[in-house]
Amino acid sequence: QYCKAYQELELFDHTHCIGDKHEQDFEGKVVVLSPNILKDRYLCPENQLWLATGGFGCHSGSSGRAVYATCLRDGEKTRWNREDIVGVLNEKHLPDWAREKLQELQDGEPCQETQIGGQSM
């Protein structure tokens, strides 16, 4: 039952990403956060999409691990470790709502509250 419920969440994984994460720079790109990092109550695809904004962990080959990022769902800013990232999301898998939020972030506009699945984000 657990496996079935987990599959129904339709979480992002390495198949939704491009290239080898160990050879990529993350800065300025939408990255997928590992579902293993999220608490069960936050386990949904919307919480996996982050815009990497900086940190030594963004750069391949760097000895640093810090990846500073902004959540596309709600605009939260935080720090992750490079190993917490599954990879860079393939643009063809970027949902429309996330594309809009990404554009807002890139334009420097504040993220507006949005409705996803009937829940206020």
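This report describes the largest pocket and the nonpolar cores of a predicted model.

Residues are numbered from 1 along each chain as its sequence is written, and side-chain values use heavy atoms, with hydrogens and water left out. Because the model is predicted, local features need pLDDT of at least 70 and side-chain atom pairs count only at pLDDT 80 or more, while totals for chains, interfaces and linings use all residues.

The largest pocket (on a 1 Å grid over the protein atoms alone, an open set of points where a 1.4 Å probe fits, with protein on both sides within 12 Å along at least five of seven lines) holds about 200 Å³ of space. Its lining, meaning residues with an atom within 4 Å of a point, includes Asn 47, Trp 50, Arg 73 and Trp 80.

| Lining class | Residues in the largest pocket |
|---|---|
| Nonpolar | 6 residues |
| Polar | 2 residues |
| Charged | 4 residues |

Asn 47 sits in the loop between E2 and E3 and is buried, with a relative accessible area of 8%, where buried means under 20%. Leaving aside neighbours within four places in sequence, Asn 47 is in contact (heavy atoms within 4.5 Å) with Leu 33, Leu 38, Tyr 42 and Arg 73.

Trp 50, which also lines the pocket, is among the residues that touch the most other members of the largest nonpolar core, a set of 15 residues; such a core consists of buried Ala, Val, Leu, Ile, Met, Phe, Trp, Tyr and Cys residues joined through side-chain atoms within 4.5 Å. Strands E2 (30-33), E3 (49-54), E4 (66-71) and E6 (85-89) each supply at least two residues of this core, and E4 gives the most, with 3 residues; strands are DSSP runs (E, at least two residues) numbered from the N terminus.

Terms used
Points joined across faces, edges and corners; volume = space filled by probe spheres on them. Nonpolar A, V, L, I, M, F, W, Y, C, P; charged D, E, K, R; others polar. Buried < 20%, exposed > 50% of the residue type's maximum accessible area, 1.4 Å probe, protein only. Helix = DSSP H or I, 4+ residues; strand = E, 2+ residues; numbered from the N terminus.
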